[in-house]
Amino acid sequence: MSGFFKSSIGRKVAMALSAFFLMFFLLQHFAINMLSVFNPDLFNEISHFMGTNPLVQFALQPVLIFGVVFHFIMGFVLEIKNSKSRQVSYAKNNGSANSTWMSRNMIWSGLAILAFIILHFIDFWIPEINTKYIVGDMSGKLDPELATSGFRYYEELTHKFINPIRVAAYVIAFVLLGLHLAHGFTSAFQSMGGTVGRKKTMQIIGKAYSVIIPLGFIIIALYHHLNH
């Protein structure tokens with residue numbers, strides 16, 4: 001297994017697999033959060049289920065955290081390896097003519113997205129863990145000081161988007177995520193041989209995914225900011 005990760009192909013395959021996993025999670029996360037716009041009650045119910053289901057909490061959640069950490073570490077490793085190889089190849093070729101700006105700057109968009117994930121953890125995940133496992137409240141109900149009845153998830157979500165600075169940070173992060181996905185989507189399939197004979201189709205799907213998902217998250221943030 002160690003030999004697999006030492007090879008260039010092995011690292012690219014591992015990077016692609018982690019990318020597929022995270023893109024699937026992103027799609028699922030988007031679908032649930034979009035419910036907060038169209039059906040707050042259903043959003044609350046699904047959020048409570050996801051937040052208290054043992055399989056999600058103790059199996060899928062650790063896998064997700066591992067996937068995020070693995071993807072970024074593998075991305076840094078690949079960037080270091082590619083940087084060393086470019087020092088030689090760029091002496092012979094014009095790098096900007098052979099690759100897109102985004103493909104040459106994935107590391108920077110990746111770092112910005114990592115900073116956003118940290119902010120997202122501070123905003124939502126850490127308070128959720130504190131409420132459930134430190135305070136010991138698994139009911140999912142609102143704080144009596146905030147409201148009289150109902151689940152707290154929708155209230156907590158909308159509360160985070162009151163501050164325009166936080167909303168701006170989320171919008172910028174999702175724009176960068178879109179740029180990251182615009183290259184990463186097709187690159188992941190290419191690493192797995194999924195673009196053979198259908199590269200154009202995969203590029204179209206990748207562009208659609210990289211626009212629709214980030215734009216959807218931006219709409220969610222702006223909607224709650226403007227309607228709070």
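## A quick tour: core, helix α9 and salt bridges

The largest nonpolar core here is built from 34 residues, and Met23, Leu26, Phe174, Tyr209 and Phe217 have the most contacts inside it. Six helices each chip in at least two residues: α2 (8-38), α4 (54-89), α7 (106-134), α8 (153-160), α9 (164-191) and α10 (199-227). The largest share, 10 residues, comes from α2. Keep in mind that this is a predicted model.

**Inside the core**

- Phenylalanine 217 is a good place to start looking: leaving aside residues up to four places away in sequence, Phe217 touches Leu26, His29, Phe30, Asn33 and Phe174.
- Two of those neighbours, Leu26 and Phe174, are also on the list of residues with the most contacts inside the core.

**A closer look at α9**

- With 28 residues at 1.5 Å a residue, α9 should span 40 Å, and its end C-alpha atoms are 39 Å apart, so the two values agree.
- There is still a bend in α9, of about 30 degrees, at leucine 181.
- Leucine 181 is also one of the buried residues of α9, along with others including Val167, Tyr170, Phe174, Leu177, Gly178 and Phe185.
- At the N-terminal end of α9, asparagine 163 acts as a cap, with a side-chain oxygen 2.8 Å from the backbone nitrogen of isoleucine 165.
- Just past the other end, glycine 193 follows α9 with a positive phi of about 75 degrees.

**Salt bridges: Asp123 and Arg166**

- Searching the whole structure turns up four salt bridges.
- One of them pairs aspartate 123 with arginine 166, whose closest N and O atoms are 2.9 Å apart.
- This pair ties together distant parts of the chain, since aspartate 123 sits in α7 and arginine 166 in α9, 43 residues apart.
- Aspartate 123 counts as buried because its relative accessibility is 4%, under the 20% cut-off.
- Arginine 166, at 24% relative accessibility, counts as partly exposed.

**Salt bridges: the group around Arg152**

- Glutamate 128 forms a salt bridge with arginine 152, with 2.8 Å between the closest N and O atoms.
- Here too, distant parts of the chain are linked: glutamate 128 is in α7, while arginine 152 is in the loop between α7 and α8, 24 residues apart.
- Both partners are buried, glutamate 128 with a relative accessible area of 15% and arginine 152 at 4% relative accessibility.
- Arginine 152 also meets the side chain of glutamate 156 in a salt bridge (3.3 Å, N to O).
- Glutamate 156 is partly exposed, with a relative accessible area of 30%.
- Through shared partners, salt bridges join Glu128, Lys132, Arg152 and Glu156 into one network.

How values were computed
Residues are numbered from 1 along each chain as its sequence is written. This is a predicted model: local features need pLDDT of at least 70, side-chain atom pairs count only at pLDDT 80 or more; totals for chains, interfaces and linings use all residues. Side-chain values use heavy atoms; hydrogens and water are left out. A nonpolar core is a set of buried Ala, Val, Leu, Ile, Met, Phe, Trp, Tyr and Cys residues joined through side-chain atoms within 4.5 Å. Buried means under 20% relative accessible area, exposed over 50%, partly exposed in between (1.4 Å probe, protein chains only). Helices (H or I, at least four residues) and strands (E, at least two) are DSSP runs, numbered from the N terminus. Contact means heavy atoms within 4.5 Å. The expected span of a helix is 1.5 Å times one less than its number of residues. The bend at a residue is the angle between axes fitted to the seven residues ending there and the seven starting there. A polar contact is a pair of N or O atoms within 3.5 Å; within protein, one must be able to donate a hydrogen and the other to accept it, and residues adjacent in sequence count only if both atoms are side-chain atoms.
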